[in-house]
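What follows is a guided walk through a structure that may be new to you. Please look over the sequence and the coordinates before reading on.

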Amino acid sequence: MKLTYPHMGYSYIAFKMLINDLGYEAVVPPEPSKRTIDLGARYAPEFACIPFKVLLGTYLETIEMGADTGISSGGVGPCRAGYYGVMHQKILNELGYDFKLIIFEPPQSNYLDFIKKIRSIKPRGMSWRTFIQLIKKGYRKLEAIDEMEYLMYRNMPYEVNKGDTAKAFNEVLKILDAAQTAEEIEDARWECRKTIARVPQDRSRIPLKIGIIGEIYVVLEPAVNFYLQKMLGEMGVYTDRSIWLTSYTQKNVLVEGKFGERDIHEMAHPYLNEAIGGHGLNSIGEIVSYAEDGYDGVIQLAPFSCIPEIMAKGIVPRVSREEGIPVMTIFIDEQTAVAGVLTRLEAFLDLLKRRREQKAG
Amino acid sequence: MPVRVGIPHYLGYFSFYPLWKTFFEEIGLEVITSPPTNQQILNAGVAEAVNDACIPIKLYHGHVMEIKDQVDLLFVPRFVKVRKLGTETFCPKFLALPDLLRASIGNLPELLDTRVDLTRGRFELFRIAREIGERFGVAPARISRAYIIACRALRRYRGLMFKGAPAEEALACLETDSKAVVQNKQGELSIAVLGYPYLIYDNFINMDLIKRLRSFGARVFTAEMVSPRKLLREAKNMPKQMFWYYSNRAMHAAYYYLNRMRVDGIIHVTAFACGPDAMLDRLMEMESRKWGRMPFLTLSLDEETGTGGVETRLEAFIDMLKRRKVVPL
């Protein structure tokens, strides 16, 4: 079995290790490029959202590289992402590819189905104990990757020489990629922390603080959101983003979202009193949370035609007015160009700067 | 003076209006409904609603703008679930509707944003009715009576729709208590028109689609003309149910008209940039192709759609169907 999986941020390193550990051949998905999106947009429905198109493009590219099975996640709606699996499978079949998608639904929705799919992944002859240990190890690596990415964005606005932190991060990815056993991963984690901390910093700066919210895929995949966080970091802006793959797994996959994210949902309740699918409710709650934490502004990232985020966008002006925090929404689709985003970003930063000066006196 | 409750003439209206109206009137409220969609409502909606929204959301805003100053209370139910089928719920716009209105329209009257989740228990609808009734201090016996009469009205309405009367005609029949004159008997072609009730039955936004098709000499079939049980039986054709009530209904109806009762063609009416329809439309298209090459037309509607464009496309589609009938493939 030649397994592939969607490309989401830097998580591919952890999944590659896990699949190889299980004894399959991992086909590492290439980073989404112009070609990926073009391929996806050619065969996807016109108004499908950009994650759908990127994923479809990724599958097509990995099929070219020899993959025959894909692993992805399902969902229970009302976000369309839960239906991706069915649609992707049908479209790929219609194109004549012999490609099988294994879609993992959240375990709470159907335990039996979940266990059946887990068993289809578990190699014969491997004990459950080893299998679970391998998954845990993969998760460790995922956590390490998330932590390093977090550290990079945290340190970026303070770096003395532009681009040093990003360089250090690339090194870090290599170190993590090389670590194979649980001990090695733990050691690598320490080494990575040091590598990033070693970048010369100027802590006297007081950067603008921006929170990044929105739909999980466009927030997590830098290749789709034009490396927004890196771009902002190199402009000297401190960014914090609301979603990480590991935090999402803990709050939404292992326990049901309405328990795992109760605090953020409660924050949203004065403005939106119902889970509307995707990350709509979270987006509202997180704006409130960032406002309370004293952030200067919030950027909402969303795929074009994403209904939950459009609903959130409709409510955002009221939240923004009542909580006193500027919010900019960027809708991303295959037509969005980096120049347009950059212009809007610069204008938004100017606004935030002026606001801060006014507040100061 | 009785409390005036306003019902926007859109979205859930086409499926549930007789229930609401009868119930409110029976418990002694005055019901004010916005007029059928017109250009002014469309313009007001486009001006008020969030600009990335689909046309149904904009139209709903327009209807609210139209009556918000004439009423004490606006009935904007929050539809969550009306039946148990997989993880089915409603399109996010139904889920967020009251909150969205509060955020985007100023000077709103109070909203009666009843949460409708009928999967919570067998008597959930009655519980909701009682909750609303008690809010206005109506006696329990009167609420029960109103509830029963309202349910009967909804059943009659659905019966009329089942026989083929479009929403407006069915409502007119209910109003005058007359029998429906259904002009669906004659016609050489039969066409299934599928999609959301608020697109198929709103004669302004779809430019009299049903009437137009009938004038071309076609019999029109919709999802409302299949009994719910038969619709549900088609659910097994899908590997996984969709998450949206109306989308599932449309998809099940598509399966019904594909394998149980062959029609000559299927028209899918969709709103421009509708999220769920991106999936639904492609699924329908693929299934139509698979189940013996059923002719399939997607009619996309938005605020810019002109009559001419729709007419041309329909004519071409009908011509194609007629030719296909003469020369079987």
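A good place to begin is helix α1 of chain A, where A:Tyr12, A:Ile13, A:Ala14, A:Phe15, A:Met17, A:Leu18 and A:Ile19 are buried. Because seven of the 10 residues of this helix, which covers residues 12–21, are buried, α1(A) is largely enclosed by the rest of the structure. The elements that cover these buried residues include the strands β1 (2–4) and β2 (25–26) of chain A, together with the helices α6 (128–155) and α7 (164–178) of chain A. After α1(A) comes A:Gly23, a residue whose phi is positive, near 95°.

It should be kept in mind that this is a predicted model, and that confidence is not even along chain A. The mean pLDDT of chain A is 91, with 99% of its residues reaching 70 or more. Among the elements of chain A, helix α3 (residues 50–64) has the highest mean pLDDT, at 95, whereas helix α12 (residues 257–260) has the lowest, at 68.

Further along chain A, a single residue can serve as a second viewpoint. A:Met267 lies in helix α13 of chain A, which covers residues 262–268. Is A:Met267 buried or exposed? A residue counts as buried if 20 or more other C-beta atoms lie within 10 Å of its own, and A:Met267 is therefore buried, since it has 21 C-beta neighbours inside 10 Å. If its neighbours within four places in sequence are left aside, A:Met267 is in contact with A:Gly285, A:Val288 and A:Ser289. A:Leu281 is 14 residues away from A:Met267 along the chain, and the C-alpha atoms of the two are separated by 9.6 Å.

From here the path leads to the place where the two chains meet. In this contact, 33 residues of chain A meet 30 residues of chain B. On the side of chain A that touches chain B, the helices α4 (84–94) and α15 (307–323) of chain A each supply at least two residues, and the largest share, nine residues, comes from α15(A). The residues on this side of chain A divide into 19 nonpolar, eight polar and six charged.

Crossing over to chain B, one finds 13 helices and 10 strands. The C-alpha trace of chain B spans about 65 × 40 × 40 Å along its principal axes. A compact globule of 329 residues would have a radius of gyration near 20 Å, and chain B, with 20 Å, agrees with that expectation. Of the 329 residues of chain B, 47% count as buried. Among contacts in chain B between residues at least 6 apart in sequence, 71% join residues at least 24 apart.

The domain assignment of chain B gives domain 1, residues 4–175, and domain 2, residues 189–326. The centres of these two domains of chain B, taken over C-alpha atoms, are separated by 25 Å. Their contact takes 28 residues from domain 1 of chain B and 25 residues from domain 2 of chain B. On the domain 1 side of this contact, α1 (13–26), α2 (39–48), α3 (55–67), α6 (140–162) and α7 (167–176) of chain B each supply at least two residues, and α3(B) gives the most, with four residues. The residues of domain 1 of chain B that form this side divide into 18 nonpolar, seven polar and three charged.

Conventions:
Residues are numbered from 1 along each chain as its sequence is written. Chains are lettered from A and ligands numbered from 1 in the order in which they are written. This is a predicted model: local features need pLDDT of at least 70, side-chain atom pairs count only at pLDDT 80 or more; totals for chains, interfaces and linings use all residues. Domain bounds come from an automatic or database domain assignment. Two residues are in contact if their C-beta atoms, placed from the backbone, lie within 7 Å. Ala, Val, Leu, Ile, Met, Phe, Trp, Tyr, Cys and Pro count as nonpolar, Asp, Glu, Lys and Arg as charged, and the others, Gly among them, as polar. pLDDT is the predictor's confidence in each residue, from 0 to 100. The radius of gyration is taken over C-alpha atoms; the globule rule is 2.2 Å times the number of residues to the power 0.38. A residue is buried if 20 or more other C-beta atoms lie within 10 Å of its own, exposed if 12 or fewer, and partly exposed in between; C-beta atoms are placed from the backbone.
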